[in-house]
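Reader: Got a minute to walk me through this model before I head back to the bench?

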Amino acid sequence: MGPGESDSSVVVVVRLGGTRGSGRVFQVLQLLGIAADTTPAEQDLVPADGLGFRIGRERIAEVMLALEGAGFPEVKAYEGLPEA
C-alpha cells in the first residue's frame, strides 16, 4: 500500500465461547460467499476463546449481522490495520 492509499479490508474478531467453534464461523462466511483466512497479524487482537480474520470493508455489515444472528454475541471489527 502506498502513501495516501487506504486499506480496503477490516479485521473481524469473534469471541467463540461455549460450544460454538471456529467451524461455525466459517460456515456462516461460506453461506455469504466469503472466503476468509486467519493470519498471524490478526491474532494479536484475538482473545484465547476467539477467532480473527480479514474481510473486505464493503462486506462488514452483513458479516457482523450474520455472525450475531448465528449466536456469536461478541463480534468486533477493526479498520486501518496493516496487512501482514
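Author: Sure, one term to begin with: helices (H or I, at least four residues) and strands (E, at least two) are DSSP runs, numbered from the N terminus. This is a predicted model, with residues numbered from 1 along each chain as its sequence is written. Local features need pLDDT of at least 70 and side-chain atom pairs 80 or more, totals for chains, interfaces and linings use all residues, and side-chain values use heavy atoms, with hydrogens and water left out.

Reader: OK, what order do the strands of the sheet have?
Author: The order is 2-1-3 in an open sheet of 3 strands, with antiparallel pairing (two strands pair if DSSP finds at least two bridges between them). Strand 2 and strand 3 (75-79) sit at the edges, each pairing on one side only. From one strand to the next, the twist averages 25° (axes are lines fitted to C-alpha atoms, for helices over the stretch in contact, and angles run from 0 to 180 degrees between N-to-C directions).

Reader: How many bridges join strand 1 to strand 3?
Author: There are 5 bridges joining them. In strand 3, Glu79 is the bridge partner of Val10.

Reader: And which strands does helix 3 lie across?
Author: Helix 3 lies across strand 1, strand 2 and strand 3, and runs at about 160° to strand 3. Helix 1 packs on the sheet too, touching strand 1 and strand 2 (contact means heavy atoms within 4.5 Å). The direction of helix 1 makes about 20° with that of strand 2.

Reader: Switching topic: what is Ile55 in contact with?
Author: Leaving aside neighbours within four places in sequence, the contacts of Ile55 include Ser8, Val12, Ile34, Ala36 and Val63.

Reader: How many aromatic pairs are there?
Author: The count comes to 1 (rings of Phe, Tyr and Trp, its six-membered ring, pair if their centres lie within 6.5 Å; planes under 30 degrees apart count as stacked, over 60 as edge-to-face and the rest as tilted). The ring centres of Phe26 and Phe53 are 6.4 Å apart with planes at 50°, so the pair is tilted. Phe26 is in helix 1 and Phe53 in strand 2, 27 residues apart.

Reader: Last thing, where is confidence lowest and where is it highest?
Author: By mean pLDDT (the predictor's confidence in each residue, from 0 to 100), helix 2 (residues 40-43) is lowest at 66 and helix 3 highest at 95. The chain has a mean of 82, and 77% of its residues reach 70 or more. Over residues 1-5, pLDDT stays under 50. Where pLDDT is low, the predicted coordinates should not be read in detail.
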